[in-house]
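Here is a friendly walk through one protein model, written for someone who likes to think at the level of side chains. Keep the structure open beside you as you read.

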Amino acid sequence: MTIFRLASTVTLLAASACLPAWAESEVSVYGSIDLGINKESGTSAKMGRGSHNIIGIKGQEDLGNGRAAVFNLQAFFNHQHEPTGRLQPALQGESTIGLQSRDAGTVRLGRALSPLWQNIWLFEPWKNSGYNASLHAYQTGRYSTDGVNDAALGNGDFSRISNGVFYRSPELSGLTLELASRVNKAENARERPKGFSMRYKQGAVGALLSYENNNNDDRIHFVGGSYQFDALTLMASYASNRVRNTEREQTAVLAGTYAVGAHLLRAGHGRNRLTDSHKSSLGYVHNLSQRTSLYADLYRERLKLASTNGMALGLIHTF
């Protein structure tokens, strides 16, 4: 009996040695919660957000030889139930799966931010949030990555490509290339959305060059740059877009941040040459910890027929 058990054990160990070594997956939950009180001229104070509230799950499995399988599932959520009747994807933020290689880069399939929107937030102090003091509209004007079904989808594809293929190159001397395209045409679309971005980050210098066309064959060219002088970071961006059957639109943003310890000051000015509108914003952030911050914003926007003054006080926590 003992000899039989010993033989079985040896056989089992030999078989195990022939099997591939399965690596453990790394999975993490992440997100952010941002709530505050904002007030604009002519309206009552209300509770709102200064950036998107999100929750996500992402992870990777080491496949050996510098390769990994990766995935990312991300959803937005609202602090209160506000039925709108609009259709939106269940995972509005991202739902991708892909393969990553240390030498060849990363390929993902699914739904995600286009190369333009994946990087544009680096050149705007409010990270292109689209709320309160953010100057996002002066980075891209009327352009949308959708362009056809914005109303039906509640702007769900405003900055994202669904049914897409996404590629990001390895970083080479500070330079990273990103490419993306939708596999099939959306309903009523003239074209498949596609675009690229070329980002440079080396030391104090940052730069971005990007081009994109959407479902309606609207097109945008974007260039951004930043430079860090110790605590002071200056940033600027310029975009030229052509929405079908309309005049060319040019927008620009000049902005900066100043960080001292737990304190961050941020300021910026955006201008739209076509609509002759502009917006000036000023903000302060106090970091209570690495994950929790208080913020206060003041802004003034002048449109063609009216001007708006606004303020916001809020709290954001990331996890």
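## A hairpin and its neighbours

In this predicted model, strands E7 and E8 form a hairpin with six residues between them. Ser 173 sits in the turn and has a positive phi of about 55 degrees. The two strands pair in the antiparallel sense, over five bridges. If you would like a landmark on this pairing, look for Arg 168, which stands opposite Glu 178 in E8.

E8 also pairs with strand E9, which covers residues 194-202. Seven bridges join E8 to E9, and these strands run antiparallel. Here you can pick out Thr 176, whose bridge partner in E9 is Arg 199.

## Empty space inside

Where is there room left in the interior? Searching the whole structure turns up three cavities of 30 Å³ or more. The largest cavity has a volume of about 50 Å³. Its lining is made by Thr 106, Arg 108, Leu 113, Pro 115, Phe 166, Tyr 167, Arg 168, Glu 178 and Leu 179. Three elements give two or more residues each to this lining: strand E6 (105-113), strand E7 (160-168) and strand E8 (175-182). Sorted by class, the lining has five nonpolar, one polar and three charged residues. Arg 168 and Glu 178, the facing residues of the hairpin strands, are both among the residues that line this cavity.

## Salt bridges

How many salt bridges does the structure hold? There are nine, and the table shows some of them.

| Basic residue | Acidic residue | N to O distance |
|---|---|---|
| Lys 194 | Glu 191 | 3.6 Å |
| Arg 219 | Asp 217 | 3.2 Å |
| Arg 266 | Asp 297 | 3.8 Å |

The pair of Arg 266 and Asp 297 links distant parts of the chain. Arg 266 belongs to strand E14 (residues 263-272) and Asp 297 to strand E16 (residues 292-302), and the two are 31 residues apart. Are these two residues buried or exposed? Both Arg 266 and Asp 297 are buried.

Turning to the other pairs, Lys 194 is partly exposed, with a relative accessible area of 30%. Its partner Glu 191 is partly exposed as well, with a relative accessible area of 30%. Arg 219 is also partly exposed, at 38% relative accessible area. Beyond the pairs in the table, Arg 271, Asp 276 and Arg 302 are linked in a network of salt bridges.

## Loop residues worth a look

The loop between strand E10 (205-213) and strand E11 (219-229) contains Asn 214. Why does Asn 214 count as buried? Its relative accessibility is 0%, and buried means under 20%. Leaving aside residues up to four places away in sequence, Asn 214 touches Tyr 143, Ser 144, Thr 145, Asp 146, Gly 147, Glu 191, Arg 192 and Pro 193. One of these contacts, Glu 191, is the salt-bridge partner of Lys 194.

Asp 217 lies in the loop between E10 and E11 too. Although Asp 217 is not a glycine, it has a positive phi of about 65 degrees. Its side chain is the one that meets Arg 219 in a salt bridge.

Another positive phi belongs to Lys 127, with a value near 55 degrees in a residue other than glycine. You will find Lys 127 in the loop between helix H2 (115-119) and helix H3 (137-140). Lys 127 counts as exposed because its relative accessibility is 55%.

Technical notes: Residues are numbered from 1 along each chain as its sequence is written. This is a predicted model: local features need pLDDT of at least 70, side-chain atom pairs count only at pLDDT 80 or more; totals for chains, interfaces and linings use all residues. Side-chain values use heavy atoms; hydrogens and water are left out. On a 1 Å grid over the protein atoms alone, a cavity is a set of points where a 1.4 Å probe fits but cannot get out, and a pocket is an open set with protein on both sides within 12 Å along at least five of seven lines; lining residues have an atom within 4 Å of a point. Grid points are joined across faces, edges and corners, and a volume is the space filled by probe spheres set on the points. Helices (H or I, at least four residues) and strands (E, at least two) are DSSP runs, numbered from the N terminus. Ala, Val, Leu, Ile, Met, Phe, Trp, Tyr, Cys and Pro count as nonpolar, Asp, Glu, Lys and Arg as charged, and the others, Gly among them, as polar. Two strands pair if DSSP finds at least two bridges between them. A salt bridge is a side-chain nitrogen of Lys or Arg within 4 Å of a carboxyl oxygen of Asp or Glu. Buried means under 20% relative accessible area, exposed over 50%, partly exposed in between (1.4 Å probe, protein chains only). Contact means heavy atoms within 4.5 Å.
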